[in-house]
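This briefing sets out selected features of a single protein model for computational work. Please read it alongside the sequence and the coordinates.

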Amino acid sequence: MIRLEFGSASVVGQVRSGNEDSVLVADGLAAVADGMGGHRAGEVASADAIDALADMEGNRSLDDLVRTVHWANRRISERASADPELRGMGTTVCAVGLVNFEDREQLAVVNVGDSRVYLLGAEGFRQLSEDHSLVESLVREGQITAEEAQSHPQRNVLTRALGVEPVVAVDAWLLRPLSGERILLCSDGLTNELDDERIAAVLGDGDPAELTAQRLAAEADAAGGRDNTSVVVIDIVDSDTADAPFEQRFDRLTTPSVDLSEEGEGPNTERVMAVIPTEATQLSDVAPAPEQPEPMTGDEDIAELAGASDEGDLAAAQAEAAAAGALAARWRTAAFVVAILGVIGLAVGAILFTAGRGWYVREGPDGQVALYRGTPVLWIDPVLVDESGAALEDLTEADAARVRRGRTFSEEATAREFIENIRATTTTTTSTTTTTTSTTTTVRPTTTAPPAGAPTTNAPPGQ
Ligand code: MN
């Protein structure tokens, strides 16, 4: 037999005028719900979720618990669409209940939203539930760190809540608890004011559950109390579980299909399935949800929309919140692309700058010495300016080779001077050529030029 002791506290805080949180402590069942959607709407939504759970029979199953959360979701979403004053309302809900599963007593943990369920035991302090929030998604995707999530401006944006859609996915786990362990349920009013270390310290002080709950709520209030804070502490007084590692005692579940038609009310009587990833059995290897539900704004964001009860405004705010995460990623990509383009731009600029400067002399299209404007860089050719120079075939071998290699000048005058010098040599050569052919030979540098028709081998001289 598992025996539990409960303690709870819920405070308005120092900023809010009303308390939109609701808390349930009943026979073997505890829950916290954090309503949103503006004053009355938030209170109605969280109270609806808690009332649905409170109406459950004492001897309950996991199936019952999950079904009840589904039912509460549908009821809240129907009320929200039927009553203009309640439009846009929603709520988180987390619950821990004693259930029978496979012929043994266990604790069922269910969650939708960013209220949390923690466990303090011999193996330390850990969060059992997973937040359905934008920042949690970003942390899972590695876009921000857990520390950045703590102070992220959109940490109140939820990706899942009751009352937003006719059907919601409900996370569910089973835990075989050990005597001496403590479970904490709380709204984000606590976790936004106190860090895990402080919460664990207060939980571990050994005060009775009721006093511990009051101390936690009071500390959150003293730390700023910017939101309603609700806390339930559950002590596992007796358990029939043999001492086993946490991983063997905690299982994530695929909840059974839920047939809401038995409830017989409302237009949504089709069979619905709770979509829950099955593979994750440890907190450390949680896979991201297979599809991202439409994110919606948390209570503070709704509060910012005060007076905007219009559904269009709310939808716009929700869309904006949804876009924020994608936008952050897109910005990163854009910044990277801009950086790359910048580097490419600089390189191209440098090439064009270089290519546009200077003067260049080389063999022209018709075999003459030609003057070009610019410098050859990569694929860019200099522009032909003047090809009135001497024909290469009239040059000495040495000059012809220099021209074929090409030569760069920074000044046009120097380039033209170079061409003139070559022409002068050629002219001398040419005039000599007209008199005697032998003279031509003497003009050639005899050491470098092999005799015409000589084999171009590397054979040593004299062979
Ligand atoms: Mn809250």
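The points below cover a sheet, a helix lying across it, a hairpin and a surface patch.

The structure is a predicted model. Its open sheet has five strands, paired in the antiparallel sense, and F336, V337, I340, L341 and I344 make up a nonpolar patch on the surface.

**Open sheet**
- The strand order is β1-β11-β10-β7-β8.
- β1 (3–11) and β8 (124–127) are the edge strands; each has a single partner strand, so one side of each lacks a neighbour in the sheet.
- On average, and with direction ignored, neighbouring strands of this sheet are turned by 15° against each other.
- β1 and β11 (residues 229–238) run antiparallel and are joined by nine bridges.
- Within this pairing, R3 is placed opposite D238 of β11.

**Helix across the sheet**
- Helix α7 (residues 209–222) lies across three strands, namely β1, β10 (182–186) and β11.
- The helix runs at about 25° to β1.

**Hairpin of β2 and β3**
- Six bridges connect β2 (residues 21–26) with β3 (residues 29–36), and the pairing is antiparallel.
- D21 faces D34 in β3 as its opposite residue.
- Two residues lie between the strands of the hairpin, and G28 adopts a positive phi near 70°.

**Nonpolar surface patch**
- Together, F336, V337, I340, L341 and I344 have about 470 Å² of accessible area.
- V337, one of the patch residues, belongs to helix α10 (residues 311–356).
- The relative accessibility of V337 is 39%, so this residue counts as partly exposed, a class that lies between the 20% and 50% limits.

Terms used
Residues are numbered from 1 along each chain as its sequence is written. This is a predicted model: local features need pLDDT of at least 70, side-chain atom pairs count only at pLDDT 80 or more; totals for chains, interfaces and linings use all residues. Side-chain values use heavy atoms; hydrogens and water are left out. Two strands pair if DSSP finds at least two bridges between them. Helices (H or I, at least four residues) and strands (E, at least two) are DSSP runs, numbered from the N terminus. Axes are lines fitted to C-alpha atoms, for helices over the stretch in contact, and angles run from 0 to 180 degrees between N-to-C directions. Contact means heavy atoms within 4.5 Å. Patches are made of residues with over 30% relative accessible area and no salt bridge: like charges are joined within 9 Å, nonpolar side chains (Val, Leu, Ile, Met, Phe, Trp, Tyr) within 5 Å. Accessible areas come from the Shrake-Rupley method with a 1.4 Å probe; for residues, only the protein chains shown count as cover. A salt bridge is a side-chain nitrogen of Lys or Arg within 4 Å of a carboxyl oxygen of Asp or Glu. Buried means under 20% relative accessible area, exposed over 50%, partly exposed in between (1.4 Å probe, protein chains only).
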